[in-house]
Amino acid sequence: MEIRFLSPETTLIMENGKQLTFKLEEKKPSPKECNEILKGISLKSTLGAIKFLGIRIMEERFGVNEKGLEINKLPKDFEVVESQGVKAIRTGGYMCLDNEMIDVTNKAGIVGMWDFEEFIICASKEYSFVIDAILEMIKPEKTRLDLEKLSDGFRFTIYSI
């Protein structure tokens with residue numbers, strides 16, 4: 001997947017309700033601000049295909065039940081990858097931690113990308129603890145996936161319940 005599909009903003013949702021947003025061209029929150037209990041993470045997208053496809057395939061891969069948005073399993077290809085000091089969590093095969101993604105991650109601190117079936121969330125070395133926090137947060141029957149329509153796109157959120 002091309003870097004141009006990178007989420008324009010990645011937001012950490014903390015237990016105390018505080019939201020910390022990472023954008024490529026803006027000042028990033030400090031690691032100290034991010035070192036609180038993580039409740040969720042959301043990735044914005046302006047991809048038009050999401051309008052038609054939603055996240056049905058991703059929901060199937062996570063075993064989302066019909067009654068709610070709760071995940072019941074982790075996909076077999078759910079993994080943590082590291083390269084050149086950047087740590088990432090991902091599903092699927094085409095969203096990868098290549099040199100371009102590593103460069104963008106090092107500039108922004110935390111970045112993500114998603115579509116109707118896969119996602120990747122990357123953190124530079126100074127924010128790698130956020131990937132560990134996401135791993136602690138994503139647990140079957142204790143985590144939900146959500147897709148929200150915005151005026152200028154969509155927001156995919158993973159959050160603990």
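I will go through the open sheet, the helix across it and the nonpolar cores of this predicted model.

Residues are numbered from 1 along each chain as its sequence is written. As the model is predicted, local features need pLDDT of at least 70 and side-chain atom pairs count only at pLDDT 80 or more, totals for chains, interfaces and linings use all residues, and side-chain values use heavy atoms, with hydrogens and water left out.

Let me start with the sheet, in which 5 strands are ordered E2-E1-E3-E9-E8 with antiparallel pairing; strands (E, at least two residues) and helices (H or I, at least four) are DSSP runs numbered from the N terminus, and two strands pair if DSSP finds at least two bridges between them. Strand E2 (19-22) and strand E8 (143-150) are at the edges with a single partner strand each, so one side of each has no neighbour in the sheet. Strand E1 (residues 10-14) pairs with E2 over 4 bridges, and there Thr10 stands opposite Phe22.

Turning to the interior, the largest nonpolar core, meaning buried (under 20% relative accessible area, 1.4 Å probe, protein chains only) Ala, Val, Leu, Ile, Met, Phe, Trp, Tyr and Cys residues joined through side-chain atoms within 4.5 Å, has 30 residues, and Leu12, Ile134 and Leu145 are among those with the most contacts inside it. Helix H5 gives the most to this core, with 4 residues. A second, separate core of 14 residues includes Met95, Leu97, Met101 and Val111.

Definitions and conventions: Buried means under 20% relative accessible area, exposed over 50%, partly exposed in between (1.4 Å probe, protein chains only).
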